[in-house]
Amino acid sequence: MLSKKTKYGLKALLFLARQENNAPVQISVISKSENISQKFLESILLTLRKIGVLGSKKGKNGGYYLLKAPEDIKMSLVMRTLEGPIAMVPCVSLNFYEKCDDCPDEALCGVHTLMAEVRDKTLDIFNHKSLADLV
């Protein structure tokens with residue numbers, strides 16, 4: 001299941017992508033518009049700023065804005081940043097690999113094979129979808 005953190009992060013990114021002239025938007029505006037706790041949203045937007053997806057501006061006309069064009073923000077980056085590994089089990093993760101304690105041979109493991117296929121299909125979708133596709 002998609003976590004609320006990721007769902008809210010996507011909603012906030014979509015809100016920002018729909019802004020005219022990529023103008024900075026205050027957290028309170030996004031929070032009210034998307035019905036997201038302001039404190040929780042603050043944490044999410046800070047995470048997205050740290051990976052270079054968002055910029056922020058202080059002051060009266062400050063707020064958050066997209067640093068990249070929506071078509072350059074791949075869902076694989078957003079999902080990995082907010083949700084964590086794309087793979088459902090650690091033994092098939094490309095970036096967070098861990099051997100399963102209960103599996104003597106990954107090459108013969110049916111669960112491993114199935115989950116690798118699920119990971120590949122999911123990753124293919126996320127790599128070929130951008131924020132622009134969601135707008």
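Does Gly63 count as buried or exposed, or, put another way, what does its relative accessibility make of Gly63? In this predicted model, the relative accessibility of Gly63 is 10%, and Gly63 therefore counts as buried. The residue belongs to strand 2, which covers residues 63–66. Once its neighbours within four places in sequence are set aside, Gly63 is found in contact with Pro24, Val25 and Gln26, and also with Gly55, Ser56 and Lys57. Of these partners, Gln26 lies 37 residues away from Gly63 along the chain, yet the C-alpha atoms of the two residues are separated by 4.1 Å.

Strand 2 is joined to strand 1, formed by residues 54–57, through four bridges, and the two strands run antiparallel. Within this pairing, Leu54 has Leu66 of strand 2 as its bridge partner. The two strands make a hairpin with five residues between them, and in this hairpin Gly59 takes a positive phi near 105°.

Both strands also take part in the surroundings of helix 1, since strand 1 and strand 2 are included in what covers the buried residues of that helix, together with helix 2 (27–34), helix 3, helix 4 (75–82) and helix 6 (131–134). Of the 14 residues of helix 1, 10 are buried, so the helix is largely enclosed by the rest of the structure. Among these buried residues are Thr6, Tyr8, Gly9 and Leu10, as well as Phe15, Leu16 and Ala17. The length of helix 1 can be checked against expectation: at 1.5 Å a residue, its 14 residues should span 20 Å, and because the C-alpha atoms at its ends are 20 Å apart, the two values agree.

Helix 1 also contributes to an aromatic contact. A pair of aromatic rings is described by the distance of the centres and the angle of the planes. A search of the whole structure returns one aromatic pair, which is formed by Tyr8 and Phe40 in an edge-to-face arrangement, with 5.8 Å from centre to centre and 75° between the planes. Tyr8 lies in helix 1 (residues 4–17) and Phe40 in helix 3 (residues 38–50), so the pair ties together parts that are 32 residues apart in sequence. With a relative accessibility of 15%, Tyr8 counts as buried, whereas Phe40, at 30%, counts as partly exposed.

Charged side chains were examined next. Side chains of opposite charge can pair when their charged atoms come close. The structure holds one salt bridge, and the residues that form it are Arg119 and Asp120, whose closest N and O atoms are 2.6 Å apart. The relative accessibility of Arg119 is 13%, so that Arg119 counts as buried, while Asp120, for which the value is 41%, counts as partly exposed.

The cysteines were considered last. A disulfide is a covalent bond between the sulfur atoms of two cysteines. The search of the whole structure finds zero disulfides. For Cys91, the closest cysteine sulfur is that of Cys100, at 3.6 Å, and this distance is too far for a bond, because a disulfide requires the sulfur atoms to be within 2.5 Å. Cys100 is likewise in no disulfide, the sulfur of Cys91 being the nearest one to it. Cys91 itself has a relative accessibility of 8% and therefore counts as buried.

Conventions. Residues are numbered from 1 along each chain as its sequence is written. This is a predicted model: local features need pLDDT of at least 70, side-chain atom pairs count only at pLDDT 80 or more; totals for chains, interfaces and linings use all residues. Side-chain values use heavy atoms; hydrogens and water are left out. Buried means under 20% relative accessible area, exposed over 50%, partly exposed in between (1.4 Å probe, protein chains only). Contact means heavy atoms within 4.5 Å. A salt bridge is a side-chain nitrogen of Lys or Arg within 4 Å of a carboxyl oxygen of Asp or Glu. Rings of Phe, Tyr and Trp (its six-membered ring) pair if their centres lie within 6.5 Å; planes under 30 degrees apart count as stacked, over 60 as edge-to-face and the rest as tilted. Two strands pair if DSSP finds at least two bridges between them. The expected span of a helix is 1.5 Å times one less than its number of residues.
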